[in-house]
Amino acid sequence: MNNTRRRVGRISLVLCVAVALALMTVYLASCGSGTTTKKSTTSTTTKLPPGTTKQQATAESTGTGTQAQSTQAQSTQAQSTGSTQAASTTPSASAILAGAQFTIVSATRPNTNQGVISSSARAVPGDYLQVEFKIFNNGVDGLVDLSQYSFRLQGPGIAADTYSDYYGTTGTYGAYVNDNEISATLLDYTNLAPVTVKLKVGEELDKVFVFFDLNPLTNAPNASVTKANTQLVIYKTSGTDYGTQVALPLTGYPD
């Protein structure tokens, strides 16, 4: 009887120890799991401002990126528009007369004639107008003979009767046509010689110009001549369409 009680007591003790060990194991496992979860939460969760949900933060971030891209696109468009406007500020006045298309490339107003004289000639200060062309034969009338064209400047500020006093019969930079109109010689930039060539159909000639003295009696500016009230006239002096003319405005060309 006593032996039986002892065996029962030993079994009870073993069971108690086993149960205690099992409980300890469960407790330790629970503690380890909580620690791991806490570390994981800390490493992956972003702290949000008070009252802000994760969805709101994501939406705001996406919206900010889109707005930045939109702003950049608007800036690029504005720059492109500015470049286009800058490129189109100089006009290209053009007209056709007897198969020749004349286009004004530039119309400047220098204060000396040094650009049109030889190195040994005397440079004279004054008020001048220099107009550069390109001339194209569009094939309407066959060959274009440039010796049959007269290049003139017309405007209320031109005193044509004063040019012979300074230039005599030489009309390279201005010769009388009528009260407010003078003519000049078409010149080549490369050698400053008069241009009298013939253009074949489809041929274009550039780097040619006319040079007008706007005030042959003094080196002071001629305030009565402006690009707004003055125009370039091209007149057909002989050949096909003799006596016809076209006028090209000078407004808008920078000095």
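**Figure 1. The whole chain, with three helices and 12 strands.** This is a predicted model, and its secondary structure comes to three helices and 12 strands. Of the 255 residues in the protein chain, 29% are buried. If we take the contacts between residues at least 6 apart in sequence, 67% of them join residues at least 24 apart. As for the outside, the chain exposes about 15900 Å², and 55% of that comes from carbon and sulfur atoms. The close-ups below pick out a few spots worth a visit.

**Figure 2. A cavity of about 40 Å³ and the residues around it.** Searching the whole structure turns up one cavity of 30 Å³ or more. Its volume is about 40 Å³. Who lines the cavity? The lining is made up of Arg-109, Leu-129, Leu-214, Val-225, Thr-226, Lys-227, Thr-230 and Leu-250. Sorted by type, that gives four nonpolar, two polar and two charged residues. One of the lining residues, Thr-230, gets its own view next.

**Figure 3. Thr-230, a buried loop residue beside the cavity.** Look for Thr-230 in the loop that runs between strand E10 (204–213) and strand E11 (231–236). Is Thr-230 buried or exposed? Its relative accessibility is 5%, so Thr-230 counts as buried; the cut-off for buried is under 20%. Its side chain reaches back to the backbone oxygen of Thr-226, at 2.7 Å. There is also a polar contact of 2.8 Å between the side chains of Thr-230 and Asn-229. Setting aside neighbours within four places in sequence, Thr-230 is in contact with Leu-153, Gln-154, Gly-155, Val-225 and Leu-250. Val-225 and Leu-250 also turn up in the lining of the cavity, as does Thr-226.

**Figure 4. Asn-215, elsewhere in the loop between E10 and E11.** Asn-215 has a relative accessible area of 18%, so it is buried. Which backbone oxygen lies 2.9 Å from a polar atom of the Asn-215 side chain? That oxygen belongs to Ala-220. Ala-220 is also one of the contacts of Asn-215 once neighbours within four places in sequence are left out; the others are Asp-127, Tyr-163, Pro-221 and Asn-222.

**Figure 5. Val-208 in strand E10, with its neighbours.** Here we are in strand E10, home of Val-208. With a relative accessibility of 0%, Val-208 counts as buried. Ignoring residues within four places in sequence, its contacts are Val-131, Glu-132, Phe-133, Ile-135, Leu-186, Leu-187, Asp-188, Tyr-189 and Val-195. Take the pair Val-208 and Val-195: they sit 13 residues apart in sequence, and their C-alpha atoms are 7.8 Å apart in space.

**Figure 6. Tyr-149 in strand E5 and its links to Leu-97 and Ala-98.** Tyr-149 is found in strand E5, which covers residues 149–154. Its relative accessible area is 7%, so Tyr-149 is buried. Which backbone oxygens does the side chain of Tyr-149 meet? A polar atom of the side chain lies 3.0 Å from the backbone oxygen of Leu-97, and the side chain reaches the backbone oxygen of Ala-98 at 3.2 Å. Leaving out residues up to four places away in sequence, Tyr-149 touches Leu-97, Ala-98, Ala-100, Phe-102, Val-144, Ile-234, Tyr-235, Lys-236 and Thr-237. Among these, Ala-100 is 49 residues from Tyr-149 in sequence, with a C-alpha to C-alpha distance of 9.9 Å.

**Figure 7. Leu-192 and Asp-241, non-glycine residues with a positive phi.** Start with Leu-192, whose phi is about 60° although it is not a glycine. Leu-192 lies in the loop between strand E8 (187–188) and strand E9 (198–199). At 28% relative accessibility, Leu-192 counts as partly exposed. Now move on to Asp-241, where phi is about 65°, again without a glycine. The loop in this case is the one between E11 and strand E12 (245–249). Asp-241 has a relative accessible area of 37%, so it is partly exposed.

Notes:
Residues are numbered from 1 along each chain as its sequence is written. This is a predicted model: local features need pLDDT of at least 70, side-chain atom pairs count only at pLDDT 80 or more; totals for chains, interfaces and linings use all residues. Side-chain values use heavy atoms; hydrogens and water are left out. Helices (H or I, at least four residues) and strands (E, at least two) are DSSP runs, numbered from the N terminus. Buried means under 20% relative accessible area, exposed over 50%, partly exposed in between (1.4 Å probe, protein chains only). A polar contact is a pair of N or O atoms within 3.5 Å; within protein, one must be able to donate a hydrogen and the other to accept it, and residues adjacent in sequence count only if both atoms are side-chain atoms. Contact means heavy atoms within 4.5 Å. Accessible areas come from the Shrake-Rupley method with a 1.4 Å probe; for residues, only the protein chains shown count as cover. On a 1 Å grid over the protein atoms alone, a cavity is a set of points where a 1.4 Å probe fits but cannot get out, and a pocket is an open set with protein on both sides within 12 Å along at least five of seven lines; lining residues have an atom within 4 Å of a point. Grid points are joined across faces, edges and corners, and a volume is the space filled by probe spheres set on the points. Ala, Val, Leu, Ile, Met, Phe, Trp, Tyr, Cys and Pro count as nonpolar, Asp, Glu, Lys and Arg as charged, and the others, Gly among them, as polar.
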